[in-house]
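Here is a short report on one protein chain. It starts with the whole fold and then turns to a single residue.

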Amino acid sequence: MSEDPGLTHVTLIWCEGEREDWLKFGRPVSTRIVDRRQRIESYAADQVFGRVRWASNDYGTIRSTLDIVRAANGTEPCVPVLQVNPGG
């Protein structure tokens, strides 16, 4: 299945207790489940969404970030954001 080039695609990964990504807000226009640990949410140009990336090890949380991103519209430059294609 090819991805629509007019959309911004966000890859979310879930490895219970080790690495967890989730959306805090925003409504994707489509969702594609890749496997039981990974899915891709797609957003139309100029939509705003919030994504949390969390990771831990044996000692506790090692990373917790909240990215607030506006989906790229294709006519302006965008900033690379990890797991967001083409960026925001």
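What follows covers the overall fold, the surface and charges, and one arginine.

**Fold.** This is a predicted model. The protein has seven strands and zero helices. Along the sequence the pattern reads β-β-β-β-β-β-β. The radius of gyration is 13 Å, close to the 12 Å that the globule rule gives for 88 residues, so the protein is as compact as a globular protein of that length. Along the principal axes, the C-alpha atoms fill a box of roughly 45 × 25 × 20 Å. Take the contacts between residues at least 6 apart in sequence: 52% of them join residues at least 24 apart.

**Surface and charge.** Of the 88 residues, 33% are buried. The exposed area is about 5700 Å², with carbon and sulfur atoms supplying 52% of it. There are 11 positive and 12 negative side chains. The centres of these two sets lie 2 Å apart.

**Arg51.** Where does Arg51 lie? It is part of strand 5, which spans residues 48-57. Is Arg51 buried or exposed? Its relative accessibility is 1%, under the 20% cut-off, so Arg51 counts as buried. Its side chain has polar partners, listed here.

| Partner of the Arg51 side chain | Distance |
|---|---|
| Asp67, side chain | 2.5 Å |
| Leu82, backbone oxygen | 2.6 Å |

Leaving out residues up to four places away in sequence, Arg51 also touches other residues, including Val10, Leu12, Trp22 and Leu23. Thr65, Leu66 and Asp67 are among its contacts too, as are Val81, Leu82, Gln83 and Val84.

Methods:
Residues numbered from 1 in each chain as written. Predicted model: local features only at pLDDT ≥ 70, side-chain atom pairs only at ≥ 80, totals over all residues. Heavy atoms only, no water. Helix = DSSP H or I, 4+ residues; strand = E, 2+ residues; numbered from the N terminus. Rg over C-alpha atoms; globule rule 2.2 N^0.38 Å. Buried < 20%, exposed > 50% of the residue type's maximum accessible area, 1.4 Å probe, protein only. Contact = heavy atoms within 4.5 Å. Areas by Shrake-Rupley, 256 points an atom, 1.4 Å probe, with all protein chains shown as cover. Lys, Arg positive; Asp, Glu negative; His and termini not counted. Charge placed at Lys NZ, Arg CZ, Asp CG, Glu CD. Polar contact = N/O pair within 3.5 Å; in protein donor to acceptor, adjacent residues only side chain to side chain.
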